[in-house]
Each structure stands twice: as structure tokens, then as C-alpha cells.
Amino acid sequence: MKRVYPDKDFCIGCHICELACLTAHSKSKDLILAYTVERTGEGLSSCKHVHEGGPTCVALSCRHCDEPACVAACISGALQKDSESGRTVYDREKCVGCWSCLMACPYGAIARHPLEKKIVKCDLCHDRPGGPACVAACPNQALKQEER
Amino acid sequence: MLFQPINRNYHDFSIVRDKDLCINCKVCIRQCSYEAHFWDESRQKVMHDNAKCVGCHRCEAFCPTSALLIQKKRSDFRDNALWRPEFIKYIYKQADSGGVLLTGMGSPVNIPVYWDKLLLDASQVTNPSIDPLREPMELKTFLGAKPVKLEFSKTKDGSPKLKTRLTPNIELNYPLMFSAMSFGSINFNLHIAMARAATELGICYNTGEGGLHKTLYQYGKNTIVQVASGRFGVHRDYLNAGAGIEIKVGQGAKPGIGGHLPGEKINAMVSETRMVPLGSDAISPAPHHDIYSIEDLHQLIFALKEASEYRVPVSVKIAAVHNVAAIASGIVRAGADIVAIDGMRGGTGAAPGMIRDNVGIPIELALAQVDQRLRDEGIRNRASIVAAGGIRCSADVVKAIALGADACYFATAALLAVGCTLCAKCYTGKCPWGIATNDAKLAKRQNPDVAAKKLVNLVHAWGHEIEEMLGGMGLNSIESLRGNRDKLRAVGLSDTEMDILGVKHAGR
């Protein structure tokens, strides 16, 4: 399956992917409202996080693993592997906020929702026509969605 | 100006932040390498310090909500035709520092741009124009000495065989090359981007004086290796790595001046390539200490030809200065296969501003004079002429070729293609566009995949435009335009200028 791969050699740490993710997952689809209103008021947060250490930076999000540890750990069946698309799918309704997946994920790619007992995880922007928002927004082609 | 020097507020730019649009996302803070933007903890918002802004527009380009506007500071000194603001600020700076004022890129001074005063011809009625989309159009260019005549002998079966021994030439698919920008002055990402782009395009890029990193030897067919006064990175393998060797005598932006790459820019890779110690300043002397005459130049040219076993042409690059025609004649007689002339608007990574803005002459005048002089002396075939220094667009290239150039070097345009905004702060090593910097975090702002693509696009675009202009003039080959000044007319130039350029006034 096509996954989003970060390129640490050319990630410039601008965090624009986070803003794109935030906007793509907002109700308003407007960066200004998403960042100022939905983020602070409703706890809207990016599924992607740029990690930095010295000159190196890299944007990490769910890897949609072939054998996801999070799915195995999920006690409520909220995380499932979609056999057709290959995505690791999250069902917000079923999630009980036990954080088992957070502890199981070897990449630290799952985050707690800041306000609710829910998680925040990449859905590969599966319903977005142009593909993942982070890939489209990266100004240095340091994020690529491809088959590897 | 609390606790600050008294002239701190006389800065050049103002950062205008639209309060309705700014979301305090800090993208501008991360992009600005001069720390003009900062997070104010007590106010819990992004603030800026106008005095630190160099006008590179990186933040403006990256602001995801278009909240930023970089403007010239609107405060004006009292109008004074003599004491223009730049001179006033120079004085303030030098009174503080006691030092030479450094700058980068090409000269911004208002010296006539002759390209703008020259107009091209087009065919009407009596000679047909050519549509380059339907008919073949040849831009292929060969750089190097050409024989006076071709002699043939016959083989046993009666077919002709070339008897004349041809000297090595550089073959270019376009009459264009990326000019010398050393590894060190710009970073490795851009060197590999230029190498890849030149290879894809079938043109050449020039290494500049900083040597050639080993991993780039594979692009040798599209590389001109430079030998400058500092001899950085020059060894036998280097001389044999490229398609041509260039002796850099002078640079248009700083004629008569050497180079100085500060130690901060010498990282491990640059140190290895230049063969200088890590972190030590790399200083190129003003002259080549083994060239004090045309005879000395002759010796160096032939030393390099011997070292490369006469397989590649040798170019000599000089800055366009007052007696450029006579100097070029001497260079050709000394055995150079290519004479590269760099006009005063050519760029640099670092030069004293006074030199950049006051020394040298425009490339258009120098080029016309060199071409005419070599023709008058009957030695034009012995060397190709490459024009450099202020080539902005394909029309400039066409005009340069009509004035007598075989090809053009361009570098500022190439840097613009990858993001440069001519802020002229290359010498600080903090280029926010990731160009003139070896800082690991800044250098990766240039992704070679993206940069190479942009360079290829630019040359393709120029190529199409050159073909259109040639076709319009009824020419189907760039060769037919070379030195064809009848295709040029001047507007608003004096008789002396037209005499030097060898062109008639429009209407004649």
C-alpha cells in the first residue's frame, strides 16, 4: 500500500504539515479558524508531529503497519486493520480512551486528544481528493506518499 | 533604541504583520535565520524586530495565512541627490565598525543595462519566419577552437576523410551554462542539483574555485572544472574529471580582488574537497602568483593542457575591465580555447560593496569589443567567447549571441530559480533559502530533486523562447545568429555607445 514516508534529510522543520493536517481534519477547513478556534476550543490537533534533534527533523505519523501493535492492544475494537485499503482504521465511537494503543505503538505515532478520552491518529486523509494534506503542503518534498 | 547603537532604527525593511491573519503558528520564527521573528512569552504571541530583517522574503513566502508583508522602511531621509540614503547608511555603518562594507550578489547600481536598449529583428514579407514547433531548430553549440579551414584526403575506396586535426570542443545542447559557484560558497545540495540538471539538459555547470566533490565526478561530461588563484581542490584527477578546464583570473563582481571563504563555511565536506583544514579561512589571492604576463598565462594554459593530455579545451575567465579587448586578444594568443568575460553586474558570494558597484564595465560593451577585436585580428576562430554577468532572460542570451558570444553563463538566474530573492547577504552564511550556507539545518532547505527540476525547467523555457526568437528572425540555427549584429538595433543610445556595440540605431 501507499504510505506517507518522511525524508529526514530534507525535512526543514517548518511544521507546515501539521498545519495542513489540522486544517484537513477541521470542520471549517479554514486554517485560521482551525488553528485559532477549533484547536483551542475543541482540542483539534494534528495527527502528525515534527520531531527535532540538532539539525535533523522528521515529521512522524501513523505508519499503518502491516501487523499493527495498536490493533492487537486495542481493548474495544476501535482500531482495526482494513484489509482492502491496508489502512489502520480508527473508530472514534468505539474508543474508550484506555491509551493501550499509545503504549503499544513503537513509533509514538498516536497521541491523546487534548480534551476528550479519545486518540488522534493519521487516517491518510482517505476522503480527501488530493491525497494526504501533509504531503500536498510540504514545501520541500520531504513527505512522499508512495509504494515501497 | 534603548541600549542599542544610535543608528539601529535606520534599517532597510519593515515587517508588516496583519493581525487578522496571523495565527501565531511560528512558521516565520522557524524560517528566519536572522531571528527577526521571535516568540514573546509574556505577550504569548509572535513578535518581530524590524532591524534584523534583511528583506529575504522567506517568512512572507512561507506564511501559511499570507499575514506577512516585507516592505522597504518608509522613513526617508531628506531628499538629497548627492547624499542618497545608501551613502548615508554606509557612513553610519563604517563609523561604527571601521571595516570594509561587505555585500553579495550582483551590483544593484543604476548603470545602463544595454540589453534593454537593444531590440531584435523579425522577418516580414521578404524573408519567411520559421515556426520552431513545426520545423527543426538547432541550438547546439560547440565551445573551443575551430580550424581556419577543413582539409580532406581520400581513402582507398574514394570516400573523403577529414585531414584537419580538430581540437577538443565542449558540446552543449543549449548556448547556456551554469556559471562558476564554488562548493563552499553554495552548498553540496545545489552543486549536485546543478550537476544533475546540466546532465539532463546536455549543458555544463562550472565547479567554481572550490574543487569537485568525489561523488560528483560521475557528472564530469557536464562539468567545467575551475582553477583559481587559491588552487583549492586542484589535483590531477580533478583536472581530468571535467569536459573543460577554466582558469579564473577575474570575476565581474570583484575585478582585481581575490576571494575569502570564511572558516565557518568550511565544514568536513568542503574541507576535504578544497584540501584546506577544517574551519580555516580559504583565501584566494587577488592575482595568480604564477601569472604576471601573457607568457605566464601561456605556461599555465599549456601546463593544464599537458595535465589533461589535450583532451579538453581550456577556458580563461576574466572580469570585464577597461582594456578587455586587448586582454582577450592576449588570452587567445596565449592558447586559450575559450574566453569567458564576466561583466560588472555578475554575482558573488562576498565582495566589498565599493568594488562590486564601482569596478568593471557592463558585459554588453565588453563582449562587443572583444568579439570585434578578435575578428579584426583574424583570431576569432581560435577561441569561443562566453558572456557572463547579468544575463536575466532568454532575450538577453539572444542579444549576447548576436553581439558575438558563443554561449552565456548564468548563475544569478539559476539561484533565483531555486528561491533566491537577491537579499545580498550571502556573505553571512545564514542564507534563509538554503543556498549560500553550509549550515546543516539551512542547507537542507534545498532539496536537490526540487532544485534540479527547477533548473531544468528554466533552461527548457529559455530554450523554447530562444527558438521562437530565432524563428521570428528567419534563422533556424543559433550559429546563424552568432555575431550577427544586423539583427540588433539600438534605442536611445549615443553614437559612441552604438559604435562600441557595433549596432545601428532603430530606424536605420
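Two residues are said to be in contact if their C-beta atoms, placed from the backbone, lie within 7 Å. The structure is a predicted model, in which local features need pLDDT of at least 70 and side-chain atom pairs count only at pLDDT 80 or more, while totals for chains, interfaces and linings use all residues. Residues are numbered from 1 along each chain as its sequence is written, and chains are lettered from A and ligands numbered from 1 in the order in which they are written.

In chain B, Ser394(B), Ala395(B), Val397(B) and Val398(B) of helix H11(B) meet Trp462(B), Glu465(B), Ile466(B) and Met469(B) of helix H14(B). Helices are DSSP runs (H or I, at least four residues) numbered from the N terminus. The axes of H11(B) and H14(B), lines fitted to C-alpha atoms over the stretch in contact, come within 9 Å and cross at roughly 50°.

Chain B also touches chain A: 16 residues of chain B are in contact with 17 residues of chain A. H1(B) provides the largest share of the chain B side, three residues.

The table sorts two sets of residues by class; Ala, Val, Leu, Ile, Met, Phe, Trp, Tyr, Cys and Pro count as nonpolar, Asp, Glu, Lys and Arg as charged, and the others, Gly among them, as polar.

| Set | Nonpolar | Polar | Charged |
|---|---|---|---|
| Side of chain B that touches chain A | eight residues | three residues | five residues |
| Contact of H11(B) with H14(B) | six residues | one residue | one residue |

Definitions and conventions:
Helix = DSSP H or I, 4+ residues; strand = E, 2+ residues; numbered from the N terminus. Axes fitted to C-alpha atoms, helices over the stretch in contact; angles between N-to-C directions.
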